[in-house]
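Trainee: Could you take me through the pockets in this model, with a close look at what lines the largest one?

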Amino acid sequence: MVAEVTPGTRLRMAVEEERPLQVVGAINAYCALLAERAGFRALYLSGAGVANASFGLPDLGMTTLTEVCEDVRRVSARSTLPLLVDADTGWGHALSIRRSVRELIRAGAAGCHLEDQVNAKRCGHRPGKELVPVEEMVDRLRAATDGRDDPSFVLMARTDAYAEEGGRGLVERAQAYVEAGADMIFAEALETLSDYRELTHAVSVPVLANITEFGRTPIFSVEELGDVGVRLVLYPLSAFRAMSRAAEAAYEAIRRDGSQQAVIDAMQTRDELYEVLGYEALERRIDTLFDADIHRGESS
């Protein structure tokens, strides 16, 4: 019997086979299909993306485990790419974190990251962040490890220490988190390539660089990050930002002109949409089943 290849296994394999691995944000299942067609090998569900796109809320820890898992299920049901999920601070105390990990696994996630901010968290590129003590974050990771009933599921520790404690604090926290069981490290809001080099040399696990737009981290290239030892490069909301600007333009044009003619050329066509969805193949499947039902009726 062939062993099942789990989502976590697929993520770990992708990290080994593509260096650095580009991980792209998908705010919904359709975006996941587009990302897969573009050739990406791993997806990301951003906490900000869930809050912003699914609920129209800011990224201030206002969404719940149940709400995030619903988006995880939708994405993982339509794409075979491994999905890394933003689990914020784990949605509660130790037993809640343990449950969170199990629910994310059941929903189809390949891995998640927990962060070392206080529960009333803020976006990693905003001022006013507050970190929990190292010991509290270590407890979060231990609870997550205890909840991991699939050993292939990736537990990533995100640290916001660079902005608050500098490079030394970043390295010390990352090392403590690896010792506590983190499979990978998410280093938030670093500002130079030398910062990444120092971190990747100090820990024995893969390090992720978050290359989000309009934040504190410059738009480093894959090649630059690979040269300093980074193993995963994250683009959490790039497509969402582009989609939102395009939507703004479409709404404004229709309202202004009384027609969508001015923005037609910027739209995905109906045929292109159907191709992504496999629409015609499903139509043929329905027709085949319907014809079979008719023939059965005629022969009875």
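**The largest pocket and its lining**

Mentor: Sure, and keep in mind that this is a predicted model. Let's start with who supplies the wall: helix H10 gives the largest share of the lining of the largest pocket, 8 residues. The space in that pocket comes to about 680 Å³. Its lining has 21 residues, and the closest to the centre are Met 243, Ala 246, Ala 266, Met 267 and Gln 268. If you want to trace the wall by element, look at strand S1 (21-25), helix H2 (29-37) and helix H10 (238-257), which each give two or more residues to the lining. As for chemistry, you'll find 18 nonpolar and 3 polar residues there, with no charged ones.

Now for the second largest pocket. About 340 Å³ of space lies in this one. Its lining counts 23 residues, with Ala 48, Asp 59, Cys 123, Leu 237 and Arg 241 closest to the centre. H10 turns up here too: helix H3 (47-55) and H10 are the elements that give two or more residues to this lining. H3 gives the most, with 3 residues. By class, this wall is a mix of 9 nonpolar, 8 polar and 6 charged residues. So if you put the two class counts side by side, the lining of the largest pocket has no charged residues, while that of the second largest has 6.

How values were computed. Residues numbered from 1 in each chain as written. Predicted model: local features only at pLDDT ≥ 70, side-chain atom pairs only at ≥ 80, totals over all residues. Heavy atoms only, no water. 1 Å grid on protein atoms, 1.4 Å probe; cavity = no way out; pocket = protein on both sides within 12 Å on 5 of 7 lines; lining within 4 Å. Points joined across faces, edges and corners; volume = space filled by probe spheres on them. Helix = DSSP H or I, 4+ residues; strand = E, 2+ residues; numbered from the N terminus. Nonpolar A, V, L, I, M, F, W, Y, C, P; charged D, E, K, R; others polar.
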